[in-house]
Amino acid sequence: MSNSTIRQAAEALAQARSVAILTGAGVSAESGVATFRGTDGIWSKMKPEELASFDAFLRNPALVWEWYLHRKKLITETKPNPAHYALARLEELVPDYTLITQNIDDLHRRAGSRNILELHGNITRSFCIDCGKQTGDVALGEMGELPKCVYCGGLIRPDVVWFGEILPQDALDGADRAARRAEVFIVAGTSNVVYPAALLPRTAKLNGATVIECNIEHTPLSEYADFILEGKAGDTLPQLVAMIERTMAR
Ligand code: BV8
Ligand code: ZN
């Protein structure tokens with residue numbers, strides 16, 4: 001990634017009143033949270049249909065819970081990385097800032113980001129499939145019994161959006177509005193293949209935004225991006241924010 005690219009991207013951001021960001025699993029990769037489609041991605045070992053769908057859950061709730069509890073344990077033991085902190089710092093520099101994430105690992109919130117739209121839910125939350133009541137932490141019983149709702153005895157599921165499920169309407173509407181008004185739209189650490197999240201950068205572009213892509217490889221969005229910051233988000237995002245602070249200080 002050339003210095004001039006990052007400097008021009010920083011200039012665009014320093015002048016922007018309204019900025020939106022879409023993050024994916026790549027932003028959490030340096031925290032040790034496996035991505036989805038990379039060589040060591042979660043689903044290289046399993047298929048999404050096997051685990052991240054409501055049918056899969058009804059077919060084998062214990063297996064799906066085992067997978068989520070395993071991921072939840074890994075996520076609890078990890079911590080935000082410089083990419084998360086850079087995005088939390090950027091929020092302090094920009095008047096109108098929206099962080100839209102596909103990630104369910106809660107690391108943006110733990111890094112101090114505040115205006116977060118979670119498109120695919122959050123692994124730290126669960127709810128009852130019968131009465132909808134939210135529940136906090138859950139665990140499988142000693143004998144592997146499934147977590148049941150204290151209010152109605154219904155089965156509890158992770159509060160994440162599975163394939164074939166609609167996204168939370170308020171988060172999606174908020175993300176669409178943020179994309180439409182953004183002067184700069186940053187897409188960081190996502191393969192841009194999961195819809196409808198992958199529509200957001202295109203919506204921003206169509207509405208006149210400057211699009212900045214941060215990734216270690218090219219994606220289907222790259223041809224639309226105005227600036228491509230090639231490299232690890234844990235390196236490129238802190239450099240970008242430092243450059244913006246220098247630009248603003250001038
Ligand atoms: C819906 C929660 C409909 C669970 C997730 C055919 C064409 C188009 C669409 C579809 C289709 N068939 C089906 C669909 C719809 C489907 C979809 O998009 N499928 C795709 C796979 C083709 N979408 C859905 O089903 C959505 N719902 O459409 O509902 C509907 C409508 C009306 C009524 C009823 C239903 C629901 C989608 C949400 C699924 N849930 N997660 C969980 O996490 O367990 S998706 C899952 O993928 C994660 O949320 C993840 O975040 C997301 C996207 O993946 P990425 O984040 O991009 O991660 P990935 O590994 O792919 O990429 C990582 C990137 O980071 C890479 O580019 C890599 O290069 C880069 N990277 C790696 N390291 C670094 C890095 N970059 C920077 N620094 C690094 N260090
Ligand atoms: Zn219930």
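**Ligand environment and local backbone features**

A backbone N or O atom of Gln102 lies 2.9 Å from an oxygen atom of ligand 1, a polar contact under the criterion of paired N or O atoms within 3.5 Å. The model is predicted, so that local features require pLDDT of at least 70 and side-chain atom pairs pLDDT 80 or more, whereas totals for chains, interfaces and linings use all residues. Residues are numbered from 1 along each chain as its sequence is written, chains are lettered from A and ligands numbered from 1 in the order in which they are written, and side-chain values use heavy atoms, without hydrogens and water.

Two further polar contacts to ligand 1 involve Ala25 and His120. For Ala25, a backbone N or O atom is placed 2.8 Å from a ligand oxygen atom. For His120, the N or O atom belongs to the side chain, and its separation from an oxygen atom of ligand 1 is 2.8 Å. Of the 1,500 Å² that ligand 1 exposes when taken alone, 74% is buried by the protein (Shrake-Rupley method, 1.4 Å probe). Two or more residues of the surrounding shell are given by each of the elements α2 (25-28) and α6 (61-77), and α6 provides the largest share, 3 residues (helices being DSSP runs of H or I with at least four residues, strands runs of E with at least two).

The ligand is surrounded by 34 residues, of which Phe36, Arg37, Tyr68, Thr190 and Ser191 come nearest (a heavy atom within 4 Å). By class, the shell comprises 16 nonpolar, 12 polar and 6 charged residues, with Gly counted as polar.

The structure contains 10 salt bridges (side-chain nitrogen of Lys or Arg within 4 Å of a carboxyl oxygen of Asp or Glu). One salt bridge joins Lys73 to Glu77, with 2.8 Å between the closest N and O atoms. Because these residues are 4 apart in helix α6, about one helical turn separates Lys73 from Glu77.

Two backbone features are located in loops. The Tyr195 to Pro196 peptide bond is cis, with omega near 0°, and Pro196 belongs to the loop between β7 (184-188) and α10 (199-206). Asp106, a residue other than glycine, has a positive phi near 70°; Asp106 is placed in the loop between β2 (96-101) and α8 (107-110).

Technical notes:
A polar contact is a pair of N or O atoms within 3.5 Å; within protein, one must be able to donate a hydrogen and the other to accept it, and residues adjacent in sequence count only if both atoms are side-chain atoms.
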